[in-house]
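Subject: Structure handover

Hello,

I am passing this structure on to you. Please look through it before reading the notes underneath.

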Amino acid sequence: MKVKKEGLYIDGIDKKILRALMEDARTPILQIAREVGISGAAIHQRLRKLDKSGLIAGSKFIIDPKVMGYTTMAFVGIYLDKAVSNPEAVKQLHKIPEVIECHYTTGHWSIFIKVLSKNNEHLMHLLNTEVQSIKGVSRTETFISLQQQIDRQIKV
């Protein structure tokens, strides 16, 4: 079955290639070629097509934060005084290395962030001295993650 995305056709072979690389981006192209039943050159050509289409957003190594000593993950809803404070607040949040995601949201909060910290004390320090001191932040609501249950990409 082919999937069409704005002029891009993704067939079963493309899906097999993508699944293999999503599972482990370090999988050798020749190994994928043997499993799929086409040449390594054909794999490279298909990957270039998928990359050029914008479907592949890049590749990266994933560092385990726990090995680096970051054992506490938290989600923080940020209430802002005014909506016009959003761009400046995000600019200031970007300067905090422990903030690893930042989202504009609907609902109760203006901004929702994901924070990694070494422990609860480190998290409290980040909230009190870094996040809550940003101009426009009126208050925060914090949720500590006890354990991540699902971590995946969208299915191909």
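The notes below cover the cores, one lysine and the largest pocket.

This is a predicted model, in which local features need pLDDT of at least 70 and side-chain atom pairs count only at pLDDT 80 or more, while totals for chains, interfaces and linings use all residues. Residues are numbered from 1 along each chain as its sequence is written, and side-chain values use heavy atoms, with hydrogens and water left out.

The largest nonpolar core (buried Ala, Val, Leu, Ile, Met, Phe, Trp, Tyr and Cys residues joined through side-chain atoms within 4.5 Å) has 17 residues. Buried means under 20% relative accessible area, exposed over 50% and partly exposed in between, with a 1.4 Å probe and protein chains only. Strand S3 (72-80), helix H4 (86-94), strand S5 (111-117) and helix H5 (120-131) each give two or more residues to this core. Helices (H or I, at least four residues) and strands (E, at least two) are DSSP runs, numbered from the N terminus. Another core, of nine residues, lies apart from the largest one and includes Ile-17 and Ala-33.

Lys-114 is in strand S5 and is buried, at 16% relative accessible area. Leaving out residues up to four places away in sequence, Lys-114 touches (heavy atoms within 4.5 Å) Met-73, Ala-74, Phe-75, Glu-98, Val-99, Ile-100 and Glu-101.

The largest pocket (an open set of 1 Å grid points over the protein atoms alone, where a 1.4 Å probe fits, with protein on both sides within 12 Å along at least five of seven lines; lining residues have an atom within 4 Å of a point) is lined by 49 residues. Helix H1 (12-23) gives the most to this lining, with six residues.

Regards
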